[in-house]
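Colleague: Could you take me through one part of this model in detail? I'd like a close look at the annotated binding site.

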Amino acid sequence: MTQLSAAQTSADAPRNPDSSKALYGGKGTRRITVRDITAAKERGEKWPMLTAYDAMTASVFDEAGIPVMLVGDSAGNCHLGYETTVPVTLDEMTMLSAAVVRGTSRALIVGDLPFGSYQEGAVQALRSATRLVKGAGVGAVKLEGGERSLAQTELLVQSGIPVMSHLGLTPQSVNTMGYRVQGRGDEAAHRLLRDAKAAQDAGAFAVVLELVPAELAAEVTRSLHIPTVGIGAGSECDAQVLVWTDMMGLTGGRMPRFVKQYAELRNVMAGAAKAFAEDVVGGAFPAAEHAVH
Ligand code: KIV
């Protein structure tokens with residue numbers, strides 16, 4: 001056995017006996033579906049999810065093999081210049097989601113239902129989700145809340161729209177909840193577990209757990225047959241999601257502790273912008289080779 005194949009075997013064996021089907025690093029070229037996500041949980045396979053808000057960035061992540069992209073309403077803070085996710089509209093989410101779908105060919109694209117587009121009830125949720133599915137081409141939608149969004153989740157799933165639930169810190173409730181760790185203490189932990197099971201029973205194919213104590217997230221992950229997607233929820237979740245502008249160092253300012261920074265894009269871009277400006281002011285750009293005749 002070569003060193004490479006030995007390493008592959010030992011890395012793959014416990015979690016992923018058939019690595020050709022892996023969501024990340026697998027050989028599939030068609031677009032990933034929620035059935036692939038379900039199968040990954042059955043195989044015990046972990047997978048990554050990133051947010052994306054535009055076609056070009058999404059195409060980079062698609063080429064890098066990111067299997068699931070979330071057009072999150074974090075676009076409010078990270079792309080559209082709002083202070084929170086609350087002002088984001090369904091029109092904006094439809095436009096951004098359509099761009100991400102156009103920029104990708106393999107990733108499952110999940111579109112966020114923004115605040116005010118599903119809270120009135122199941123029929124409103126179906127109308128809004130239909131716009132994201134038909135108008136933008138997303139393969140699934142995400143909405144916040146477990147028990148409180150039960151009727152919405154049930155109707156969407158019955159209508160053929162896959163739903164990802166979002167529990168723990170739910171940023172659309174910032175005005176009542178703030179940005180605090182959720183699920184601390186017995187009662188809150190029981191409530192979160194109940195919410196997760198309610199989402200699963202209503203037909204959700206996955207549950208995001210945001211800012212939840214790691215031990216509780218691990219318990220939820222063990223209790224569900226659908227995958228958990230953690231953000232600030234420890235290492236035991238089936239999948240992990242990060243906001244791309246945070247993890248690549250574009251956002252700026254103080255980052256939450258759970259964000260690992262994989263690049264320094266803000267510095268790289270500022271450096272390039274300054275170099276361009278200095279070249280223009282100093283007359284170094286355009287040079288002869290940039291001129292057309
Ligand atoms: O909107 C978003 O980006 C999200 C993730 C943080 C899960 O909901």
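**A close look at the binding site**

Modeller: Sure, and keep in mind that this is a predicted model. Let's start with Asp-73, which sits in the loop between strand E2 (68-71) and helix H4 (75-78). Asp-73 has a relative accessible area of 4%, and since the cut-off for buried is under 20%, Asp-73 counts as buried. Leaving out residues up to four places away in sequence, Asp-73 touches Thr-85, Val-88, Met-93, Asp-112, Pro-114, Glu-144 and Gln-172.

Two of those contacts, Asp-112 and Glu-144, turn up again in the UniProt record: its "binding site" annotation, from an unreviewed entry, covers Asp-73, Asp-112 and Glu-144. These residues are spread over 72 residues of sequence, yet they cluster in space, with a largest C-alpha distance of 11.0 Å. Asp-73, Asp-112 and Glu-144 are also included in the lining of the largest pocket.

Now over to Asp-112, which belongs to strand E3 (residues 108-112). Asp-112 is buried as well, because its relative accessibility is 2%. Setting aside neighbours within four places in sequence, Asp-112 is in contact with Leu-70, Val-71, Gly-72, Asp-73, Met-93, Leu-132 and Lys-142. So what does the side chain of Asp-112 reach at 2.7 Å? That would be the backbone nitrogen of Asp-73, which takes us right back to the loop between strand E2 and helix H4. Met-93 is worth a glance too: it's on the contact list of Asp-73 and on that of Asp-112.

Definitions and conventions
Residues are numbered from 1 along each chain as its sequence is written. This is a predicted model: local features need pLDDT of at least 70, side-chain atom pairs count only at pLDDT 80 or more; totals for chains, interfaces and linings use all residues. Side-chain values use heavy atoms; hydrogens and water are left out. UniProt positions are given in the numbering used here, feature names are shortened, and annotations may be inferred rather than shown by experiment. On a 1 Å grid over the protein atoms alone, a cavity is a set of points where a 1.4 Å probe fits but cannot get out, and a pocket is an open set with protein on both sides within 12 Å along at least five of seven lines; lining residues have an atom within 4 Å of a point. Helices (H or I, at least four residues) and strands (E, at least two) are DSSP runs, numbered from the N terminus. Buried means under 20% relative accessible area, exposed over 50%, partly exposed in between (1.4 Å probe, protein chains only). Contact means heavy atoms within 4.5 Å. A polar contact is a pair of N or O atoms within 3.5 Å; within protein, one must be able to donate a hydrogen and the other to accept it, and residues adjacent in sequence count only if both atoms are side-chain atoms.
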